Amino acid sequence: MKVEPILGFAGVANQAIDLYVKAFGATIKSKILFSQANPKDYQYADDEKDLVYYAEIKIGRQTIALGDDADAVKNGVQEVSENSFKVDLLIHFDSDYELKTAFELLSKGGTVTTPLCSQTYCSLTCALTDRFGGRWQLMSGYKG
């Protein structure tokens, strides 16, 4: 199992990646734009096609996942503000079974923001806030 921070932006992830490359010497491990995602995962509007669907950068020895938050983008929050950035912890599981077990435990009393589903970049994923306010994204079968 691997734990990494995941940064969510409201339409400015490309700009943030550029800044982190310059400021920290970050390297881009992977970057999928909305236009490159499987259409069954997300139906994007023309003005969303160049937004970041999922990316990973490496700063030193630490990998950080990031992307543009689809809900914020749909709500038209495509600017830099105190509402344009969120931090979750992304947990990479070795199997779908382990992910489903954790999902069942964490979702009791919490709020599921993305139900269990497959995505362009993994076999299974979900997002939720647990009953204590912890923000989690769970992933298995990463295809990076």
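Where does phenylalanine 85 lie? You'll find phenylalanine 85 in strand β5. Keep in mind as you look around that this is a predicted model.

Let's stay with that residue for a moment. Is phenylalanine 85 buried, exposed or something in between? Its relative accessible area is 41%, and because buried means under 20% and exposed means over 50%, phenylalanine 85 counts as partly exposed. Setting aside residues up to four places away in sequence, phenylalanine 85 touches Leu7, Gly8, Phe9 and Tyr20. Valine 52 sits 33 residues from phenylalanine 85 along the chain, and the C-alpha atoms of the two are separated by 14 Å.

One of those contacts, Tyr20, takes us to helix α1. This helix runs over residues 13-24, so 12 residues in total, by the DSSP assignment. From its first C-alpha to its last, α1 reaches 16 Å, close to the 16 Å expected at 1.5 Å a residue.

Now, which residues of α1 are buried? They are Ala13, Ala16, Ile17 and Tyr20. If you look down the axis of α1, these buried residues fall within an arc of 100°, which means that they line one face of the helix. Swing round to the other side of α1 and you meet Gln15, Leu19 and Lys22, which are exposed.

And what do the buried residues of α1 pack against? The list is β1 (2-9), β2 (27-33), β3 (52-59), β4 (62-68) and β5 (85-93). That brings us back to β5, the strand where phenylalanine 85 lies.

One last stop: just after α1 comes glycine 25, with a positive phi of about 70°.

Technical notes:
Residues are numbered from 1 along each chain as its sequence is written. This is a predicted model: local features need pLDDT of at least 70, side-chain atom pairs count only at pLDDT 80 or more; totals for chains, interfaces and linings use all residues. Side-chain values use heavy atoms; hydrogens and water are left out. Helices (H or I, at least four residues) and strands (E, at least two) are DSSP runs, numbered from the N terminus. The expected span of a helix is 1.5 Å times one less than its number of residues. Buried means under 20% relative accessible area, exposed over 50%, partly exposed in between (1.4 Å probe, protein chains only). The arc is that of the directions from the helix axis to the C-beta atoms. Contact means heavy atoms within 4.5 Å.
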